[in-house]
There are 2 protein chains.
Amino acid sequence: MKTGRKEAKRESILDAAVLEIARHGYYGTTVSTIAQRAGVADGTIYLYFKNKEDLLVSIFERAMGRFSDQAQRIVDEPGATAEYKLRRIVALHLSLLGEDRDLAVIFQVEFRHTIHILELLSRTRIRDYLALIARVLEQGKAEGTFRSDLDPLFTAKVVFGVLDEMATDWVLSRKNTRLASRAEPVSELLLGGLRAS
Amino acid sequence: MKTGRKEAKRESILDAAVLEIARHGYYGTTVSTIAQRAGVADGTIYLYFKNKEDLLVSIFERAMGRFSDQAQRIVDEPGATAEYKLRRIVALHLSLLGEDRDLAVIFQVEFRHTIHILELLSRTRIRDYLALIARVLEQGKAEGTFRSDLDPLFTAKVVFGVLDEMATDWVLSRKNTRLASRAEPVSELLLGGLRAS
DNA sequence: CGAAAAACTGAATGGCTATTCACTAGCCTA
DNA sequence: TAGGCTAGTGAATAGCCATTCAGTTTTTCG
């Protein structure tokens, strides 16, 4: 088998899973349905994934990997101000989810299925993401542009909360707005609350 | 049968459901387990509830009913400033969830099970709650204490998002902090972003 | 080419559990 | 106290679906 062929099949199974789970929910989707959409036999799924839950976790890992790369690059940008970086992160968060509604449904709804899965995920990746935001906030404090009394991790959670709610609201609304169009006002509001007076 | 006896049994089934679902998740809890904890037979559940999902919806309705009463009273308080009302709502939201961890788990995690349930609930009660917050924000604009350029509904979602994230974070953290203790800093941060300059 | 290995298949299995319903128990009324 | 009504019971049903694995196809490579 040619190199990469195997990887491609894994990807296409994940793609099928994203599509089906977004539309019918995790418990409303059978492994058979995913296999069918991916054009493989039921058993084949188990050559690539340990079990059904592993499929969900893998979706998260794949998406989060892509996301983290870009977020990291923003934070590491030399010479950029904290305010600029925060705007970029807000825009990144909303545009990545806004570009793929199925993925957004899974992130905002399906991953919260069980406290078990949520804990599993939140203990690792989300924690890293919050730390990333906190670093930007610290930079702002050091620069003197953000309030000196803000607690970086606490405030990072606030920032994340706002982004998360915007995404959930967008996912649940049927309207045809672009999620990314909320980046501007969200950034403004957040920065209004963060700036040193 | 004495009056109220029936209502009491319904309540005790709901209590049992809250407890079991918070600990094992909606799909991890069987109707039998709930019946056992409530001290009734499996079939009895179906004398009080249409089916398993109805149990979940009823938990939401009961909790939300209690919550809305209090929130409404805050908003209707005559002579109170918008800033004061917002602080009260923040405190109410966090303290009600913080007082009952099982209920908080269900609100922050289990209700998000399926986009189907989430839509069902969000289209009704949550919408009303957001409208309530929006009214306070409008009042603040009229008073001149809040920024004149804020969009009430949009900003209400931001406020809700922050509260929601605080609650989820608290539910997932094992630490023994009181959720209500975050009310102060959350209010400060929000008001910092809302005040007219 | 041909044989061994790797990948894939999909029908069968086994376990699980929401819901039903024929029956029983308790209570009220005439 | 008998008869009827309401409430409650829990074993049986029926359907679902994740996972397995014996058998088949495809690929690799000497």
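Start at DNA strand C: select helix 1 (5-24) and helix 3 (42-48) of chain A, then helix 2 (31-38) and helix 3 (42-48) of chain B, each of which supplies at least two residues of the surface near this strand. This is a predicted model.

**DNA strand C.** Show the residues around the strand; there are 18, and the closest are Ala41(A), Gly43(A), Thr30(B), Gly43(B) and Asn51(B). Which helix gives the most to this surface? Helix 3 of chain A does, with four residues. Colour the surface by residue type and it divides into seven nonpolar, six polar and five charged residues.

**DNA strand D.** Now select strand D and the 19 residues around it. Those that come nearest are Thr30(A), Gly43(A), Asn51(A), Ala41(B) and Gly43(B). Helix 2 (31-38) and helix 3 of chain A, with helix 1 (5-24) and helix 3 of chain B, each supply at least two residues here. Helix 3 of chain B gives the most, four residues. By type, the surface near strand D has seven nonpolar, six polar and six charged residues.

**Where the chains meet.** Hide the DNA and look at the contact between the two chains, which takes 30 residues from chain A and 29 from chain B. On chain B, select helix 7 (115-143), helix 8 (152-172) and helix 9 (183-194), since each supplies at least two residues of the side that touches chain A. The largest share of that side, 12 residues, comes from helix 8 of chain B. The side of chain B that touches chain A is made of 14 nonpolar, nine polar and six charged residues.

**A helix pair in chain B.** Next select helix 1 and helix 6 (residues 101-108) of chain B, which pack at an angle of about 65° with their axes 8 Å apart. Their crossing is left-handed. Val18(B), Leu19(B), Ile21(B) and Ala22(B) from helix 1 meet Asp102(B), Leu103(B), Val105(B) and Ile106(B) from helix 6. This contact between the two helices has seven nonpolar residues, no polar ones and one charged.

**Helix 5 of chain A.** Finish at residues 82-98 of chain A and place a distance label between the end C-alpha atoms: they are 24 Å apart, which agrees with the 24 Å that 17 residues should span at 1.5 Å a residue. Why is this helix described as largely enclosed by the rest of the structure? Because 12 of its 17 residues are buried. Among the buried residues to pick out are Leu86(A), Ile89(A), Val90(A), Leu94(A) and Leu97(A), along with the charged-type names Lys85(A), Arg87(A) and Arg88(A).

Notes
Residues numbered from 1 in each chain as written. Chains lettered and ligands numbered in written order. Predicted model: local features only at pLDDT ≥ 70, side-chain atom pairs only at ≥ 80, totals over all residues. Contact = placed C-beta atoms within 7 Å. Near = placed C-beta within 6 Å. Expected span 1.5 Å × (residues − 1). Buried ≥ 20, exposed ≤ 12 C-beta atoms within 10 Å, placed from the backbone. Axes fitted to C-alpha atoms, helices over the stretch in contact; angles between N-to-C directions. Left-handed = near helix turned anticlockwise from the far one by under 90°.
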